[in-house]
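Here is a short briefing on charged side-chain contacts. The structure comes first, the notes after.

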Amino acid sequence: MTLLLAGDIGGTKTILRLVEFSETLGLKTLYEESFRSGDFPDLVPIVQRFLTTANSSTPEKACFAIAGPVVENTAKLTNLAWFLDTNRLTQELGILSISLINDFAAVGYGIFGLTKQDLLTLQVGKYQPAAPMAVIGAGTGLGQGFLIKQDHQYQVFPSEGGHADFAPRNEVEFQLLKYLVDKHNIQRVSVERVVSGLGITSIYQFLRDRKIATESPEIAQAVRTWEQEAQTTEKTVDPGAFIGAAALQKSDRLSEQTMQLFIEAYGAEAGNLALKLLPYGGLYIAGGIAPKILPLMQNGSFLLNFTQKGRMGSLLEEIPVHIILNQQVGLIGAALSASRL
């Protein structure tokens with residue numbers, strides 16, 4: 001058995017998990033704890049406190065999934081004044097081998113630690129065991145990544161595809177593009193501005209300002225509060241959650257229209273990723289949004305827009321498409337990545 005430390009490191013929250021790993025039995029969680037990242041000057045004191053509380057010896061290997069880019073074994077968190085370097089972490093923590101990976105790369109590794117109960121299949125497709133795999137996930141932003149088989153295991157590659165251009169396909173989406181360009185005084189709109197938690201709110205604002213339907217008082221207040229807090233680091237409300245819940249309950253027409261446009265754009269972008277990779281090993285939908293709106297993801301609109309690619313549509317109909325239900329897939333991936341060190 002090998003003692004591993006896995007971490008999911010974010011600007012708001014850091015989750016650490018102590019794990020035993022064996023080739024025959026896989027992963028076994030021994031202890032897990034969550035910390036407010038901002039309460040600590042660095043990752044090192046968090047790990048030290050964690051291992052003391054867990055009454056654990058020093059792990060042999062560790063992997064930390066970082067909410068931000070990892071360059072030459074270093075990472076600077078986007079929303080936190082931490083600079084992480086594997087050489088320094090190895091010396092200060094006494095752990096023999098440490099790696100830093102992008103949080104979405106961790107999701108890619110985590111696929112191999114999931115069970116059937118952790119997945120919901122939208123499209124069975126025609127699975128090909130040696131083919132590439134793809135991961136896309138809307139949450140705070142829009143993550144994308146892919147996996148390529150090398151010898152007997154997959155290598156995971158992160159991507160910044162969420163920052164590619166948003167490609168409108170109809171009159172409403174062209175109007176949305178112009179609305180976002182004018183509203184934010186920008187030259188281009190990334191797909192992440194539409195397909196993300198922020199995107200849900202942006203779509204709502206667009207439809208609201210076009211007077212598509214009357215606002216409900218509760219959601220109107222949530223959006224106004226969010227707009228007032230737009231320039232602050234501390235947000236007290238997530239209007240996307242209100243909008244998604246109202247759409248599920250069919251209690252607010254404006255929210256229903258918002259989520260319909262969101263899911264259409266989400267499906268289209270997943271289809272764009274699939275066209276570039278042809279991931280017959282499976283396309284996996286990660287992120288925090290999809291599991292919360294499963295009935296909307298299953299109503300056919302996502303898959304319709306996923307496969308609506310002209311002459312290439314028949315190719316996409318053969319790609320297996322799964323929603324990841326387990327929100328700890330990143331921690332699982334960090335542990336599996338650590339086991340490879």
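The points below cover salt bridges and the burial of their partners.

This is a predicted model. It holds 10 salt bridges. Three pairs and one network are described here, among them Glu32 with Arg17.

**A bridge between strands**
- Glu32 and Arg17 join through their side chains in a salt bridge, at 2.8 Å from N to O.
- Glu32 belongs to strand E3 (residues 26–36) and Arg17 to strand E2 (residues 13–22), so this pair ties together parts 15 residues apart in sequence.
- Arg17 counts as buried because its relative accessibility is 8%, under the 20% cut-off.
- Glu32 has 32% relative accessibility, so this residue counts as partly exposed.

**An exposed pair**
- Arg36 and Asp39 form a salt bridge, with 3.5 Å between the closest N and O atoms.
- Both Asp39 and Arg36 are exposed.

**Neighbours in sequence**
- Arg208 pairs with Asp209 in a salt bridge.
- The closest N and O atoms of Arg208 and Asp209 lie 2.9 Å apart.
- Arg208 has a relative accessible area of 17%, so this residue is buried.
- Asp209 reaches 40% relative accessibility and therefore counts as partly exposed.

**A network**
- Salt bridges also link Asp42, Arg88 and Glu92 in a network.

How values were computed: Residues numbered from 1 in each chain as written. Predicted model: local features only at pLDDT ≥ 70, side-chain atom pairs only at ≥ 80, totals over all residues. Heavy atoms only, no water. Salt bridge = Lys/Arg side-chain N within 4 Å of Asp/Glu carboxyl O. Helix = DSSP H or I, 4+ residues; strand = E, 2+ residues; numbered from the N terminus. Buried < 20%, exposed > 50% of the residue type's maximum accessible area, 1.4 Å probe, protein only.
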